[in-house]
Amino acid sequence: MILRKLVLLLAVISGNCQACDNGRISDYINNNQGFLVQALSSDRISSGSTIFFHYTSKNDEHPDIIASYASDRCVANQSITFDTYSYDGSMANIESVFWGRGIYKINLFIIVSWNYNADGVGTVGKYYSVFAYDYDKIKITKNEKIKIKFKEGRDGFIAGKVVKYRFKTASDVLSYLENN
């Protein structure tokens, strides 16, 4: 019991106590007439930071998904936008957000998909793209050298024929990076 109190006191004194959760991000987005899609802790970049995905208007029929980073989740209005996933026949879906391993441990990866449906010609499924980023405590930037390793592709049916996309999950991407 005494040890627990000492640890809590040390956390408060050192400033490592997480006073805010991603609710602050949600409140900020909602107060600006937007909609929060997803918010994730990004303590790997900087303690107390968050990565979040949102769109700017609840009334937009074709919203773009905006990827943002807040170095302090308690101060959401000081976030930066690091990418936008455009509406392309459908709204973008954030399939997976994960950190690299090994030599890619300094990279952030995001798998995005878009649904497509041209059932009249037997073409339905998802279109996928893998995005890679470098990061530091104050910014996240695209890494095109890594992104190019993962060609965009479709998973579903094209003209009635089955097609499979190779990089739909974090484990697909990480396995490829480890073996190539």
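In this predicted model, strands β1 and β2 (residues 50-55) run antiparallel to each other and are joined by 6 bridges. One example of how the two strands line up is Gln38, whose bridge partner in β2 is Phe53. As a general point, strands of a sheet pair through backbone hydrogen bonds, and the pairing can be parallel or antiparallel. The β1-β2 pair belongs to an open sheet of 4 strands, ordered β1-β2-β3-β4 and paired antiparallel. At the edges stand β1 (35-41) and β4, and each of them has a single partner strand, so one side of each is left without a neighbour in the sheet. Going from strand to neighbouring strand, the turn is 20° on average, with direction ignored. Helix α2 (residues 23-31) packs on this sheet, where it touches β1, β2 and β3 (65-70). The direction of α2 makes about 155° with that of β1.

Stepping back to the whole chain, there are 4 helices and 10 strands. Read from the N terminus, the elements come in the order α-α-β-β-β-β-β-β-β-β-α-β-β-α. The protein chain has 180 residues, and 37% of them count as buried. Among contacts with a separation of 6 or more, 46% are between residues 24 or more positions apart.

How far can the model be trusted? The mean pLDDT of the protein chain is 86, and 88% of the residues reach 70 or more. The stretch at residues 3-18 is another story, with pLDDT below 50. Beyond near neighbours in sequence, that stretch has 5 contacts in the model. Where pLDDT is low, the predicted coordinates should not be read in detail.

Next comes the inside of the protein. In soluble globular proteins, nonpolar side chains tend to be buried together. Here the largest nonpolar core has 19 residues, and Phe82, Tyr85, Ile110 and Ile140 are the ones with the most contacts inside it. Two or more residues of this core come from each of β2, β3, β4, β6 and β7 (123-135). The biggest giver is β6, with 4 residues. Ile110 gives a good idea of the surroundings: leaving aside neighbours within four places in sequence, the residues in contact with Ile110 include Phe53, Phe82, Tyr85, Ile94 and Val97. Also on the contact list of Ile110 are Ser96, Ser129, Val130, Phe131 and Tyr133. A second core, separate from the one just described, has 15 residues, among them Phe109, Ala132, Ala170 and Val173.

Charged side chains add another kind of link. Side chains of opposite charge can pair when their charged atoms come close. The count for this model comes to 7 salt bridges. One of them joins the side chains of Asp83 and Lys142, at 3.5 Å from N to O. Asp83 sits in strand β4 (residues 80-85) and Lys142 in strand β8 (residues 140-142), so this pair ties together parts that are 59 residues apart in sequence. With a relative accessibility of 8%, Asp83 counts as buried because the value is under 20%. Lys142, at 42% relative accessibility, counts as partly exposed.

Another salt bridge is made by the side chains of Arg101 and Glu178, at 2.8 Å from N to O. This pair, too, links distant parts of the chain, with the two positions 77 residues apart in sequence. Arg101 lies in the loop between β5 (93-99) and β6 (107-118), whereas Glu178 lies in helix α4 (residues 170-179). Arg101 counts as partly exposed at 45% relative accessibility, while Glu178 counts as exposed at 52%.

A further salt bridge is formed by Glu152 and Lys147, with the closest N and O atoms 3.7 Å apart. Glu152 counts as partly exposed at 43% relative accessibility, but Lys147 counts as buried at 14%.

Finally, there is an oddity in the backbone. Ala159 has a positive phi of about 50°, although this residue is not a glycine. Where does Ala159 lie? The spot is the loop between β9 (153-158) and β10 (161-163). Is Ala159 buried or exposed? At 57% relative accessibility, Ala159 counts as exposed, because the value is over 50%.

Key. Residues are numbered from 1 along each chain as its sequence is written. This is a predicted model: local features need pLDDT of at least 70, side-chain atom pairs count only at pLDDT 80 or more; totals for chains, interfaces and linings use all residues. Side-chain values use heavy atoms; hydrogens and water are left out. pLDDT is the predictor's confidence in each residue, from 0 to 100. Contact means heavy atoms within 4.5 Å. A salt bridge is a side-chain nitrogen of Lys or Arg within 4 Å of a carboxyl oxygen of Asp or Glu. Buried means under 20% relative accessible area, exposed over 50%, partly exposed in between (1.4 Å probe, protein chains only). Two strands pair if DSSP finds at least two bridges between them. Axes are lines fitted to C-alpha atoms, for helices over the stretch in contact, and angles run from 0 to 180 degrees between N-to-C directions. A nonpolar core is a set of buried Ala, Val, Leu, Ile, Met, Phe, Trp, Tyr and Cys residues joined through side-chain atoms within 4.5 Å.
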